[in-house]
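Reader: I'd like to go through this one with you and ask what stands behind the labels. Could you set each value against its cut-off as we go?

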Amino acid sequence: METRRRFPPPSCTSPSPASTLRSLPAAPRSSGDRIQASDALPIPIRHTNLLFSLLFVCSIVFLMRRWRDKVRESIPLHAVDLSELVSIISVVASLIYLISFFGIAIVQSIVSSHEDEVDDFLPDSKMTPSPAPSSDLAMPVLAGREDEDIIAAVVAGKTPSYALESAIGDCHRAAEIRREAIRRISGRGLDGLPLEGFDYGSILGQCCEMPVGYVQLPVGIAGPLILDGREHYLPMATTEGCLVASTNRGCKAIAESGGAASVVLRDAMTRAPVVRFLTAARAAELKFFLEEPTNFDNLSVIFNRSSRFARLQDIQCALVGRNLYMRFCCTTGDAMGMNMVSKGVQNVLDYIQNDFPDMDVISLSGNFCSDKKPSAVNWILGRGKSVVCEAVIKEEVVKKVLKTSVSALVEVNTIKNLAGSAIAGALGGFNAHASNIVSAIFIATGQDPAQNVESSHCITMMEAVNDGKDLHISVTMPSIEVGTVGGGTQLASQSACLDLLGVKGACMESPGANARLLATIVAGSVLAGELSLMSALAAGQLVKSHMKYNRSCKDTSKAASN
Ligand code: ADP
């Protein structure tokens with residue numbers, strides 16, 4: 001998720017209800033005859049212009065003649081009669097009109113030609129669909145053509161599939177045409193993949209390119225999760241039977257024990273560019289420069305200019321020969337923050353280049369960040385929100401709801417989640433199935449599912465407390481990467497799920513509070529999931545419950561690939 005500036009979709013309309021290929025509507029009005037404010041005038045604009053021009057010329061001619069006569073007759077010029085007064089007013093009025101009209105038109109033409117130049121640089125942006133390289137695809141040139149013609153052009157490779165949205169100016173129609181072209185090219189249909197019922201304009205330039213439909217995922221609700229004294233109903237998008245039911249059981253055990261509590265230990269998204277120098281000594285010089293507190297203060301000012309919400313906290317440096325990796329850590333408000341931090345890093349790199357002109361920027365991301373890959377740096381130092389969540393589950397709840405015992409749970413946790421993961425060489429994987437819960441909530445709430453990798457880092461601890469009667473359970477998750485603005489969070493379904501959790505959009509009173517709350521809910525849900533699955537394992541119920549929820553009686557032989 002690198003920089004993705006948001007621009008409104010240039011020319012896409014809301015989805016068309018038609019489900020079959022059809023004749024196309026007339027092409028939109030060209031820029032030459034687009035609606036203007038002047039259209040509201042009672043007479044056509046060219047007549048108004050003519051009228052004022054004539055008025056101006058006639059008045060000037062009249063005044064000139066009058067003044068020439070006055071000079072000849074030695075009459076003072078300032079002695080004006082009514083006709084001269086009217087002429088002067090006419091000149092002034094027509095002058096004001098003509099200057100306003102043509103002046104504004106000239107300024108507009110300068111500004112719009114400048115905007116066109118800027119737009120020329122936008123195609124690479126994820127915000128704008130890439131225009132086709134071919135010159136005949138200036139937007140939206142294909143709008144007036146029949147679907148059949150466009151499909152044929154796509155199949156023949158004459159019209160690039162990626163350019164359909166901008167060339168047609170209707171996102172739904174572009175998806176429909178692309179889908180049909182793919183069917184003809186591949187010889188395979190997409191019958192089970194729905195096309196209707198989705199706003200393709202909402203994903204243009206920010207969530208998905210070249211759409212042909214959307215995948216349906218069921219969303220189940222577990223809960224309420226009682227966390228920090230509040231109730232949360234958890235939306236989970238999954239196709240794994242048992243998962244929602246199991247998390248629900250964990251929530252019940254937590255609720256009947258008085259709820260769970262959480263703490264956000266750290267809130268810092270990271271991005272680590274890598275730069276190279278001619279020598280390791282010079283790379284070390286930059287490292288020491290960055291570690292100097294006064295330099296850090298200056299760099300923070302530069303970095304924070306990237307956004308109202310970005311606040312640089314730290315720069316962690318690592319040196320490999322003459323390469324320097326600088327891990328910038330910053331708060332990002334309610335955004336997950338990858339764009340924000342990347343922009344801030346770019347600002348700082350540009351600034352540092354003045355003092356270190358020999359610095360060669362190899363990559364804005366040098367993998368020491370570390371995004372979407374298992375890495376010790378995230379596990380140890382954290383990335384996004386670092387959260388710990390705990391609960392004390394009463395002995396009777398362990399027996400009644402979880403159908404096991406405290407001692408059995410503690411034993412299984414030690415041998416499986418700690419020792420078992422240790423011999424497996426786990427990196428952040430000291431848990432039973434944190435990623436199950438993280439992925440389901442991530443997908444439901446529009447998070448980046450690929451960040452499930454580090455967001456699922458979790459160590460689950462279980463101990464007997466209160467004279468061995470009750471169970472203390474905790475999950476420690478150092479790198480939960482979530483946001484409530486940006487990315488997929490603004491799409492209708494995902495936004496509804498965020499709304500259910502009470503964390504939709506930006507938190508106005510305290511920027512960042514929604515994203516932090518979402519991170520604690522993720523951790524609380526993982527706690528519930530761990531509690532339930534570990535209990536099923538301790539009680540030897542796992543296979544039994546999966547056979548019940550995962551194995552339907554349906555005949556699956558028809559699903560085989562042919
Ligand atoms: P990300 O950095 O997670 O990829 P984006 O940069 O795409 O997210 O989206 C964040 C956008 O939302 C920014 O333009 C930012 O100015 C805006 N924004 C509005 N309110 C907030 C908030 N409370 N916290 C963070 N960003 C916010």
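Author: Sure. Keep in mind that this is a predicted model. Let's start with Val345, which has 0% relative accessibility and therefore counts as buried.

Reader: What makes 0% relative accessibility count as buried for Val345?

Author: The cut-off for buried is under 20% relative accessible area. Val345 comes in at 0%, so the label buried follows. The residue lies in helix H9, residues 338-355.

Reader: Which residues is Val345 in contact with, leaving aside its neighbours within four places in sequence?

Author: Arg271, Pro273, Phe303, Phe328 and Leu364. Take Pro273: Val345 and Pro273 are 72 residues apart in sequence, yet their C-alpha atoms are 7.6 Å apart in space. For the protein as a whole, residues 24 or more positions apart account for 73% of the contacts with a separation of 6 or more.

Reader: On to the helix pairs. Why is H13 called oblique to H16?

Author: Helix H13 (residues 434-444) and helix H16 (residues 513-538) pack at an angle of about 135°, with axes 9 Å apart. Roughly perpendicular covers 65 to 115 degrees and roughly antiparallel starts over 145, so about 135° fits neither and H13 is oblique to H16. The crossing of H13 and H16 is right-handed.

Reader: Which residues make that contact?

Author: On H13, Ala434, Ile437, Val438 and Ile441; on H16, Val522, Ser525, Val526, Gly529 and Glu530. By class, the contact of H13 with H16 has six nonpolar, two polar and one charged residues.

Reader: Which residues touch the most other members of the largest nonpolar core?

Author: Ile393 and Leu471, in a core of 52 residues. H16 gives the most to this core, with twelve residues. As for Leu471, its contacts beyond four places in sequence include Ile393, Val398, Leu409, Met462 and Leu531. There is also a second, separate core of 30 residues, which includes Phe303, Leu312, Cys317 and Ile352. Phe303 is one of the residues in contact with Val345.

Reader: Now the backbone. Why do a positive phi or a cis peptide bond deserve a remark?

Author: Because most residues other than glycine have a negative phi, and most peptide bonds are trans. Met210 has a positive phi of about 50° although it is not a glycine, and Asp467 has one of about 60°, again without being a glycine. Met210 sits in the loop between helix H5 and strand E1, while Asp467 is in the loop between strands E10 and E11.

Reader: How do you know whether Met210 is exposed or partly exposed?

Author: Exposed needs over 50% relative accessible area, and buried needs under 20%. Met210 has 42%, between the two cut-offs, so it is partly exposed. Asp467 has 81%, which is over 50%, so Asp467 is exposed.

Reader: And where are the cis peptide bonds?

Author: One joins Gly223 and Pro224, with omega about 10°, and Pro224 lies in strand E1, residues 219-227. Another joins Cys369 and Ser370, with omega about 0°. Ser370 is in the loop between strand E7 and helix H10.

Reader: To finish, how many helices and strands are there, and what share of the residues is buried?

Author: The secondary structure comes to 17 helices and eleven strands. Of the 562 residues, 44% count as buried.

Key. Residues are numbered from 1 along each chain as its sequence is written. This is a predicted model: local features need pLDDT of at least 70, side-chain atom pairs count only at pLDDT 80 or more; totals for chains, interfaces and linings use all residues. Side-chain values use heavy atoms; hydrogens and water are left out. Helices (H or I, at least four residues) and strands (E, at least two) are DSSP runs, numbered from the N terminus. Buried means under 20% relative accessible area, exposed over 50%, partly exposed in between (1.4 Å probe, protein chains only). Contact means heavy atoms within 4.5 Å. Axes are lines fitted to C-alpha atoms, for helices over the stretch in contact, and angles run from 0 to 180 degrees between N-to-C directions. Angles under 35 degrees count as roughly parallel, over 145 as roughly antiparallel, 65 to 115 as roughly perpendicular and the rest as oblique. A crossing is left-handed if the near helix is turned anticlockwise from the far one by less than a right angle, and right-handed if clockwise. Ala, Val, Leu, Ile, Met, Phe, Trp, Tyr, Cys and Pro count as nonpolar, Asp, Glu, Lys and Arg as charged, and the others, Gly among them, as polar. A nonpolar core is a set of buried Ala, Val, Leu, Ile, Met, Phe, Trp, Tyr and Cys residues joined through side-chain atoms within 4.5 Å.
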